[in-house]
Amino acid sequence: QVQLVESGGGLVQAGGSLRLSCAASGRTFGIYDMGWFRQAPGKEREFVARIRWSGSSTDYANSVKGRFTISRDNAKNTVFLQMNSLKPEDTAVYYCAAEVFGTPGYEYWGQGTQVTVSS
């Protein structure tokens, strides 16, 4: 089992920055990759970014490419999402998720953290 807890959300003005954190606990040795997703009011959940637990492979949604950076600190069992040049359309609840070895797909999810970007 893997437990995930997001933090770092808040209210910022357009053009500002936030850094989200996702702390993983439990059987973190089984994590293959970690991803960030978001869901805006009335919209479907969408992929934001992902990172391999080992190595340097990352992937980003086109909507955030060049503005967001995903990173990790394996020693602290934490993944981060640095969000720069925030836009009102980035407003959403952000969730982190974990994919484990041997089980394709994101099985474990955090509770979410609210990000609100004002004009």
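**Figure 1. The disulfide of the predicted model.** The structure, a predicted model, holds 1 disulfide. The two cysteines are Cys-22 and Cys-96, with a distance of 1.9 Å from S to S. Cys-22 belongs to strand 3 and Cys-96 to strand 9 (residues 92-100), so the pair ties together parts that are 74 residues apart in sequence. About the S-S bond of Cys-22 and Cys-96 the torsion is about 55°, so the disulfide is right-handed. Both ends of the link are buried, Cys-22 as well as Cys-96. A disulfide is a covalent bond between the sulfur atoms of two cysteines.

**Figure 2. The open sheet that contains strand 3.** Four strands make up an open sheet, in the order 1-3-8-7 and with antiparallel pairing. The edges are taken by strand 1 (2-7) and strand 7 (68-73); each has a single partner strand, so one side of each is left without a neighbour in the sheet. On average, neighbouring strands of this sheet are turned by 20° against each other, direction ignored. Strand 1 and strand 3 (residues 18-26) run antiparallel and are joined by 6 bridges. Within this pairing, Leu-4 has Ala-24 of strand 3 as its bridge partner. In a regular strand the side chains alternate between the two faces of the sheet.

**Figure 3. The hairpin of strand 9 and strand 10.** Strand 9, which carries Cys-96 of the disulfide, pairs with strand 10 (residues 103-109) in the antiparallel sense over 3 bridges. Val-100 has Thr-103 of strand 10 as its bridge partner. The hairpin leaves 2 residues between the strands, and Gly-102 takes a positive phi near 85° there.

**Figure 4. Arg-38 and its two acidic partners.** The count of salt bridges in the model comes to 4; this view shows those made by Arg-38 with Glu-46 and with Asp-90. The side chains of Arg-38 and Glu-46 meet at 2.6 Å, N to O. At a relative accessible area of 5%, Arg-38 is under the 20% limit and therefore buried. Glu-46, with a relative accessible area of 34%, falls between the limits of 20% and 50% and is therefore partly exposed. The salt bridge between Asp-90 and Arg-38 has an N to O distance of 2.9 Å. This pair links distant parts of the chain, 52 residues apart: Arg-38 is in strand 4, and Asp-90 is in the loop between strand 8 (78-83) and strand 9. Asp-90 and Arg-38 are both buried.

**Figure 5. Asp-90 and Arg-67, and the network they belong to.** Asp-90 also forms a salt bridge with Arg-67, where the closest N and O atoms are 2.8 Å apart. Arg-67 sits in the loop between strand 6 (58-60) and strand 7, and Asp-90 in the loop between strand 8 and strand 9, so the pair ties together parts that are 23 residues apart in sequence. Both residues of this pair, Asp-90 and Arg-67, are buried. Through shared partners, salt bridges join Arg-38, Glu-46, Arg-67 and Asp-90 into one network.

**Figure 6. Ala-40 in the loop after strand 4.** Ala-40 lies in the loop between strand 4 (31-39) and strand 5 (46-52). Its relative accessibility of 18% is under the 20% limit, so Ala-40 counts as buried. Not counting residues up to four places away in sequence, Ala-40 touches Thr-91 and Ala-92. From C-alpha to C-alpha, Ala-40 and Val-115 are 9.6 Å apart in space, and they are 75 residues apart in sequence.

**Figure 7. Thr-113 in strand 11.** Thr-113 lies in strand 11, which covers residues 113-118. Thr-113 has a relative accessible area of 10%, under the 20% limit, and is therefore buried. The side chain of Thr-113 reaches the backbone nitrogen of Gly-9 at 3.2 Å. Leaving aside neighbours within four places in sequence, the contacts of Thr-113 include Glu-6, Ser-7, Gly-8 and Gly-9. Also among them are Leu-20, Ala-92, Val-93 and Tyr-94. Ala-92 is also touched by Ala-40.

Methods: Residues numbered from 1 in each chain as written. Predicted model: local features only at pLDDT ≥ 70, side-chain atom pairs only at ≥ 80, totals over all residues. Heavy atoms only, no water. Buried < 20%, exposed > 50% of the residue type's maximum accessible area, 1.4 Å probe, protein only. Polar contact = N/O pair within 3.5 Å; in protein donor to acceptor, adjacent residues only side chain to side chain. Contact = heavy atoms within 4.5 Å. Pairing = 2+ DSSP bridges. Axes fitted to C-alpha atoms, helices over the stretch in contact; angles between N-to-C directions. Disulfide = S-S within 2.5 Å.
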